[in-house]
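User: I would like a close look at one part of this model, followed by how that part connects to its surroundings. Please keep the account plain and work outward from there.

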Amino acid sequence: MIPLAFFVSLLFLYSLLSGRLERTIVTAPIVFTVAGMLMFPALQGILRAGFTAKAALHVAEVGLVMLLFTDASRTDLNVLRSIRNLPARLLSTGMLLTILLGAVVARLVFPQLSIWEAGILSAILAPTDAGLGQVIVNSPRVPMRIRQALNVEAGLNDGLSVPFLLFFIAIVAAKIEGGAASLMQFIVEQLGFGALIGLAIGLAGGWSLGLARRKEWIAESFQQIGVVALPLLCLLASEMVEASMFIAAFVAGLAVQFGFKEAGKHSVEFAEEWGQLLNLAVFFLFGMAAVRDWPQFSVASWIYALLSLTLVRMLPVAIALIGTRLSAATVVFMGWFGPRGLASIVLGLVYLGEEMHLPGESTIRFAVEATVLLSIFAHGLSAMPGIGLYARKTTSLAAD
């Protein structure tokens, strides 16, 4: 009970000072990660009380399902229709090159990993975290076009990383079990059925909510509940047929907009209120886990973490932005501010939840923890100085 009381007290104190802290380099993920690190001695008590890795996985799964649905439902599809738009470049060329380069670097830094294990590590660390980059997205000193690109990228690249992660896991499972039949079955059941479930729930749910809104059958206070119920339906339906709940939630978030345009607004309201609480709890627990595993972080783990946040992120972004005529300062700024956080933590838990017991499992876990930990502090502490430097560099440039 002591860790819970400490977390709730910290949550209250942070809420009192949140407005002031938002104007400093002290971010919420830094505060709650450090708090978790300080509460590490209580971790064994939490585990003895029945909070197992399986329970953490279930919490993480619900959190990622809600996050994927929210991100997809609030996405303006018009932004992605032209490859000339910055978000489309970052989510296509940038995303694919990030996963490819991340796997190549993982093989070089960790030669003991198979190519598919390297792919798993790369896919886990591919998505960026909008929460860690909130200071950037909200700063009026950063041009709107750049803020929008980074925000849309962070909102969608976690959903786009999931199929790659599941595919790499399926290939490894097929090698263990033997035969391509299991791989094809996985693709059909996990990806195919997941997409169909998400499409059906998203279209039917959006149409029903839109009709109820036009007929004035639904109370204003229940619109948010109706929208939030859809990703939970995706989770339950996917569990019944062993499909991917993450693919289903992401597709449902895109599809619900066709029948109910305001779905994004209501899902974001929920995410900002209750989702933030879940996110901070994840960072708190992550801080505990990071201190526990700290002695096992190798030099290679820190080298990969550094390369993941620099070369693996920045080079694909620079290539994706070729032809946009953006300044070098803008390209560097967008490349650096691709923090790894909540999505990588949750995807890492999803991978560990498969209980495949691969030879490189501990290597993958420690590399993910080191990368996220480094990102929390490096991106958090550099956000305000980075904005100031970037603003000075771009003052004399045209809006485009």
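How many of the eleven residues of H2 are buried?

Analyst: The model is predicted, and what follows describes that model. Eight of the eleven residues of H2 are buried, so the helix is largely enclosed by the rest of the structure. The buried positions are Ala28, Pro29, Ile30, Val31, Phe32, Thr33, Ala35 and Gly36.

Phe32 is the residue of H2 to follow further. With a relative accessibility of 0%, Phe32 falls under the 20% limit and therefore counts as buried. Phe32 is also listed among the residues with the most contacts inside the largest nonpolar core, a set of 83 residues. The others listed there are Ile120, Leu121, Ile124, Phe246, Tyr304 and Ile364.

The ring of Phe32 can be followed as well. There are 14 aromatic pairs in the model. In one of these, the rings of Phe7 and Phe32 have centres 5.7 Å apart and planes at 65°; planes over 60 degrees apart count as edge-to-face, so this pair is edge-to-face. The two partners come from distant parts of the chain, with Phe7 in helix H1 (residues 2-21) and Phe32 in helix H2 (residues 28-38), 25 residues apart. Phe7 is buried too, because its relative accessibility is 9%. Beyond the pair itself, Phe7 and Phe32 belong to one aromatic cluster that also takes in Phe6, Tyr14 and Phe284.

Another member of that list of core residues, Tyr304, shows what such a position touches. Leaving aside residues up to four places away in sequence, Tyr304 is in contact with Gly102, Val105, Ala106, Val109, Phe110, Leu121, Ser122, Leu125, Ala367 and Thr371. Leu121 thus appears both among these contacts and among the core residues with the most contacts. Apart from this core lies another one, made of 18 residues, including Leu86, Val142, Leu150 and Val317.

Burial in this model is not confined to nonpolar side chains. Asn157, in helix H8 (residues 144-177), has a relative accessibility of 1% and therefore counts as buried. Setting aside residues up to four places away in sequence, Asn157 touches Leu91, Met95, Ala126, Pro127 and Thr128.

Charged residues are next. The model holds three salt bridges. Glu153 is paired with Arg313, with the closest N and O atoms 2.6 Å apart. Glu153 is in helix H8 and Arg313 in helix H14 (residues 311-320), so this salt bridge ties together parts that are 160 residues apart in sequence. Both partners are under the burial limit: Glu153 is buried at a relative accessible area of 4%, and Arg313 is buried at 3%. Helix H8 therefore carries Glu153 as one end of this link, as well as the buried Asn157.

The remaining salt bridges meet at Asp293. Arg292 and Asp293 form one of them, their closest N and O atoms being 3.1 Å apart. Asp293 also forms a salt bridge with Arg365, where the closest N and O atoms are 3.7 Å apart. Since Asp293 is in helix H12 (residues 263-293) and Arg365 in helix H17 (residues 361-394), the latter pair ties together parts that are 72 residues apart in sequence. Arg292, Asp293 and Arg365 are in this way linked in a network of salt bridges. Accessibility varies within the network: Asp293 is buried at 2%, whereas Arg292 is partly exposed at 36% and Arg365 is partly exposed at 24%.

At the surface, nonpolar side chains gather in a patch formed by Val188, Phe193, Leu196, Leu236, Met240 and Val241. Together these residues have about 590 Å² of accessible area. Helix H9 (181-214) and helix H10 (220-241) each contribute at least two residues to the patch. Val241 is in helix H10 and, with a relative accessibility of 40%, counts as partly exposed.

To return to the helix in question: H2 is largely enclosed, because eight of its eleven residues are buried. Its Phe32 is among the core residues with the most contacts, and the ring of Phe32 pairs edge-to-face with that of Phe7, a residue of helix H1.

Conventions
Residues are numbered from 1 along each chain as its sequence is written. This is a predicted model: local features need pLDDT of at least 70, side-chain atom pairs count only at pLDDT 80 or more; totals for chains, interfaces and linings use all residues. Side-chain values use heavy atoms; hydrogens and water are left out. Rings of Phe, Tyr and Trp (its six-membered ring) pair if their centres lie within 6.5 Å; planes under 30 degrees apart count as stacked, over 60 as edge-to-face and the rest as tilted. Helices (H or I, at least four residues) and strands (E, at least two) are DSSP runs, numbered from the N terminus. Buried means under 20% relative accessible area, exposed over 50%, partly exposed in between (1.4 Å probe, protein chains only). A nonpolar core is a set of buried Ala, Val, Leu, Ile, Met, Phe, Trp, Tyr and Cys residues joined through side-chain atoms within 4.5 Å. Contact means heavy atoms within 4.5 Å. Patches are made of residues with over 30% relative accessible area and no salt bridge: like charges are joined within 9 Å, nonpolar side chains (Val, Leu, Ile, Met, Phe, Trp, Tyr) within 5 Å. Accessible areas come from the Shrake-Rupley method with a 1.4 Å probe; for residues, only the protein chains shown count as cover. A salt bridge is a side-chain nitrogen of Lys or Arg within 4 Å of a carboxyl oxygen of Asp or Glu.
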